[in-house]
Amino acid sequence: MRIPRIAMLTASTLAVAAIAACHKTPPAPAPTPTAAPAGPNADSARRAQEEAARRAAEAEAARRRADSIAAAEAAAGNAATEMARMRETLTQMVHFDFDQSELRPEDRGVLDAKVPILQANPSVTISIAGHTDERGSDEYNLALGQRRAAAAKAYLVQHGIAESRIETRSYGEERPIAQGSDESAWSQNRRAEFSITSGGQTLRRP
Amino acid sequence: MMRSLRGLLPFVALLAASPSLHAQDSTFKGITLNGTYDPLRDKVSIAVLPIAGAFGDSIRAIIQRDLDFSDRFVVDSLDASDPAALRNPGAAGGLNYPLFARLQAAAVVEITRTPTGLHVVLHDVGRSQVVNVEDMRLPATGLSRDWRLAVHNTSDEIERWVTGTRGVAATRIAYIRGQTIRIIDSDGADEITVPTEPDVFSPAWSPDGATLAYNTFGASPRVLLMDLATGRSRAVVPQARNVTYSTPVFTPDGKTIVYTRAGENGSDLFSISAAGGDTPHRLTSGQGTDNTSPTISPDGRRIVFTSGRLGRPELYIMDADGTNVNVLTDFESSERNYRSDPDWSPDGRTIAYQERVNGDRFQIRTVRVTGSSPKYLTSEGQNEQPSWAPDARHLVFTSDRSGQRQLWILDVESNRVRQLTHSPGSRLAAWSPHLALP
């Protein structure tokens, strides 16, 4: 019989998961089933029985303890992932057209996604750094970078984030993230970068 | 190579400068030249005699190079193998004028070392006589930075004696490389790094050459003034939240700094007392656009700056108090124009700036303050950020014509260019005023 590949994969994944589970939870020593002995060995048989029961109970407790640790670990892992995802959302860049500081429609969504996280975490403050590509005047670009940072900030403030929580600065064309002198590099470099300046150790889900 | 001046009239005695300059300068005697002399286009043929004594060869080489870089001289490469032939035979041993006449030298510089410096003599070959004599002090430490400045100053004096116009050899150029400020002599020697924090930008000289204004950007933006004698900087505009400061310049009286404040609503020009303790005074009202890179007329009455108020960067001119704003560069208007980084010439007549040509690379242009006579000065590679020398004739600018951004110097009269720096990433140059000897 041919097993469809996907099913096989699933089966083996389950097997691996099972093995992994076995690794995580130390196997409890199997309680030895013993027939009730009679005669002069009755006392020792009873002691053995009690001992077996005690071992079984201990094993059960250990298993439960291990299970709850695993569950806590999994929950913590999820929280960490969730936190990382929120941080990623908060620090996702927006981009601009040449010599422009207007937000592009697609970048409004990038900023919209930051709003609920900032609202759910009122102690978080951020810094926005405006950047330009290498074209244009070095001096004019330093001013343009500030205008880009201010545009991103204004959008967040309009959407309810306190002005005092957002600081802006400019690096002009001085900190390119993409090298090269073509549109691909330029478009990556025309950006506003976001960094969390305080309160970002733990983030509450919106 | 031009050996003598244009024109065929034999030995018509002319003073080699405009009458107005001559009238202002009583020490100016000039040199006999054959033909008519146009101080902007003609070059005077000059010879510098070998100099005996300590550092004599260096002094001669520096002066010859300075005179060459002035673009007002053709320097005779004298055959110095037979010094005796340069003098008349006999005990008096005066200069062999007929020999220099045959060599078509109009002027001869004769320098001897003295205990304190140099004894400089200028000979007029046409009149077969000495026309200028001066003793010049040299610092004791040969080849030091101050010593070289003193030698450059000698070159500038010789230039003034001959042409009526002081040279610009005794000047320096401040610029940015690798987020630090450097200062280099006008001939490309003796570069130093000025001690500042990182992320510095747009150095500008005070009118007396003793102070540099500059800004920092990024995490801690301020406008700072550095005393070049001590190397100490102080913030004249302190850091403020959500603000980037840039492009500070001194007013010609040295008392005020005009600079850019980029904040929550575009950028505008402000002024503040260089002494500090003053409230900033707003000069432009850009209403959300960028207004930056101010340059001030030598009489201090007007300011030219870059503004994006009509969508694309153009040059604007206004009164020093911010009134009477007009666009300066509205000629050849197109959607793809981008004009910026103006610098007002020290003679007050011309603005040098950069313009994006054909939507592509920047080139250096000049335009009269009236907005007339725009000219292209460069075409090779990308050329940006012009800054005038005190002679209003030479410009230092950033060019990538060699493959990397370097500083170059252009003589706008002869269009001759020379490379000033040889370290990649050099930019944002500011040419100093004439520098006094320490």
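Two residues are in contact if their C-beta atoms, placed from the backbone, lie within 7 Å. This is a predicted model, in which local features need pLDDT of at least 70 and side-chain atom pairs count only at pLDDT 80 or more, whereas totals for chains, interfaces and linings use all residues. Residues are numbered from 1 along each chain as its sequence is written, and chains are lettered from A and ligands numbered from 1 in the order in which they are written.

**View 1. Contacts of I257(B).** Apart from neighbours within four places in sequence, I257(B) is in contact with A213(B), V223(B), V236(B), P248(B), F250(B), S271(B), I272(B) and A274(B).

**View 2. The largest nonpolar core.** A nonpolar core is a set of buried Ala, Val, Leu, Ile, Met, Phe, Trp, Tyr and Cys residues joined through C-beta atoms within 7 Å; a residue is buried if 20 or more other C-beta atoms lie within 10 Å of its own, exposed if 12 or fewer, and partly exposed in between. The largest core has 90 residues, and among those touching the most other members are I257(B) and V304(B). Helix 4 (residues 138-158) of chain A supplies the largest share, 9 residues; helices (H or I, at least four residues) and strands (E, at least two) are DSSP runs, numbered from the N terminus.

**View 3. The two sides of helix 3 (residues 105-120) of chain A.** D107(A), L111(A), K114(A) and L118(A) are its buried residues. They lie on the same side of helix 3 of chain A because they cover an arc of only 55 degrees around the axis, taken from the directions from the helix axis to the C-beta atoms. On the other side, P105(A), E106(A), G109(A) and D112(A) are exposed.
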